[in-house]
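Colleague: I'd like to learn how to read confidence and salt bridges in a model like this one. Can you walk me through it?

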Amino acid sequence: MTTSPTVSFGGLGNGFDYSQVINALVQAASAPLNRLTQEQNTLSAKSADYTTLTGKLQALQTATGALGIGSYDSSVATVSDPTALTATAASTVPAGNYTVGISQIAQAHQLANKAETAVSSTTASIVSGASAVFSFQVGAGSVQTVTLSSGANIQDLADGINNLGAGLTASVVNTGSESAPAYRLILTASSTGTGNAITITSDGTGLNFTGGVDTLQAAQDAKIQIGDPALNPITVTRGSNTISGVLPGVTLTLTKPTGPETVNISVTQDPSAVQTKIKALVTAYNDVVTFINSKNTYDARTSQGGTFFAEGTPGTVLGRLRQALNGTVSGTAVYATVGQLGFKTNRDGTVTIDEAALTAALNSNYADVKALLVGQLDNPGIARQVSAAVDSLDDVEGGAVTLKQNSLTDQIKNLTDRIATQQEYINQYQQRLQLQYAQLDSLLNTIQGQMGFLTANANAQSGGSLATTSGASR
């Protein structure tokens, strides 16, 4: 409720506090303003709830998209030996079976300076002159250089290499014992494959990498065979142990060679993933229904209704969504409605699913469930019907929810303008009252002053007259 500031009115000529009168008059004049403000607050709360409803409809739209053409199917890849490799399949991969053999897995190149050039301390200098240069190359990349000053040690060189961030990691390892340490520099390529082999182009330090190295692990590509090894398998070589683009929509992650053995990969449809999408659609649908129900209430004790009470738009939303979800799809072989999949509408409008019935339908009639939910381009399934219903409700130009929200926005703006005008009138009215009562106070002060003067003068004249009369009597 909007209230006007309390008037402070001091120095009143007759001792009466006129501020109480002014406040009462301003409060009475503010009644229309308070009504406008209350109406604005009510409309703002309603607008906020319609915005929330729009968000829930959009979430429902997203859930229907997961059951649309190109999104409905989910595939899963299983392997006969998960210790050798794992496989993941994209959602739209066609079913199939593949045989894969792993000749070798990809490795990162790793090398170290020779044992005879190891140093006994990490603080011992490895630079004999005023400076030294250490240069290397990873694969076909540019040559990288670390320049060391006099007195630099093995850890300084490792830090300099790591600071370059050039696809190479350097670490210092004690290959001796605690009593007789022997520190060596190990260089490891950041990526696997022969394309990331390390080449030392120059070494002016005492580690003498150019004079010879110990290869701890060779740079190696992954090599697999696709098909029956007894026939004509295809050999594929990659620099990484993660291989995609070989089997349609399937990504392989290699773990170890299989030797003469092979791994069988089976790509099949995944009904459980589809079931999860169907349940997500129902959850989003119920979220809309539950929200509208929670706002469409009436408290008889307070005679107060919720923000959607007696509103036509929420009823339109529920009606169109209910009609779409419970609609019929023609031309399907087994199922015509979602009720046949275990869907049941409750008294409050929400939907529950008999999961056992849905699971059985997906396992035994996967294609028919798909036909019901997805449909064809010229014969939309239930998911597309629900999606179309949402489109009709939140369409930018003619959607029922959009039109209602736009109407509320216009009403709130109009009330904001009226409140500003009314507030300005109240402010001016209060200022006039203050001025008028201030003038009245001034007038009362003047009158009281004049009355005091007249009273004193009358008393003076009355006293003089009594004195004259007394003298005459003597």
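Modeller: Let's start with residues 4–13, where pLDDT (the predictor's confidence in each residue, from 0 to 100) stays under 50. The model has 29 contacts (heavy atoms within 4.5 Å) beyond four places in sequence for residues 4–13. Where pLDDT is low, predicted coordinates should not be read in detail.

Colleague: And what is the mean pLDDT of the protein chain?

Modeller: The mean is 90, with 94% of the residues at 70 or more. This is a predicted model, so local features need pLDDT of at least 70 and side-chain atom pairs count only at 80 or more, while totals for chains, interfaces and linings use all residues. Residues are numbered from 1 along each chain as its sequence is written, and side-chain values use heavy atoms, with hydrogens and water left out.

Colleague: Now salt bridges: how many does the count come to?

Modeller: A salt bridge here is a side-chain nitrogen of Lys or Arg within 4 Å of a carboxyl oxygen of Asp or Glu. By that rule there are ten salt bridges. One of them pairs Asp49 with Lys295 at 3.8 Å, N to O.

Colleague: Which parts does the Asp49 and Lys295 pair tie together?

Modeller: Helices and strands are DSSP runs numbered from the N terminus (helices H or I, at least four residues; strands E, at least two). Asp49 sits in helix α2 (residues 31–65) and Lys295 in helix α4 (residues 271–295), so the pair links parts 246 residues apart in sequence.

Colleague: Is Asp49 buried or exposed?

Modeller: Buried means under 20% relative accessible area, exposed over 50%, and partly exposed in between (1.4 Å probe, protein chains only). Asp49, at 12%, counts as buried, whereas Lys295 is partly exposed at 25%.

Colleague: Where do Lys279 and Glu355 lie?

Modeller: Their side chains meet in a salt bridge at 3.4 Å, N to O. Lys279 is in helix α4 and Glu355 in helix α6 (residues 355–364), so this pair ties together parts 76 residues apart in sequence. Lys279 is partly exposed at 33%, and Glu355 is partly exposed at 38%.

Colleague: What separates Asp417 and Lys413 in helix α9?

Modeller: About one helical turn, because they are four residues apart in helix α9 (residues 400–473). Their salt bridge is 3.5 Å, N to O. Asp417 is partly exposed at 41%, while Lys413 is exposed at 53%. Elsewhere, salt bridges with shared partners join Lys46, Glu311 and Lys404 into one network.
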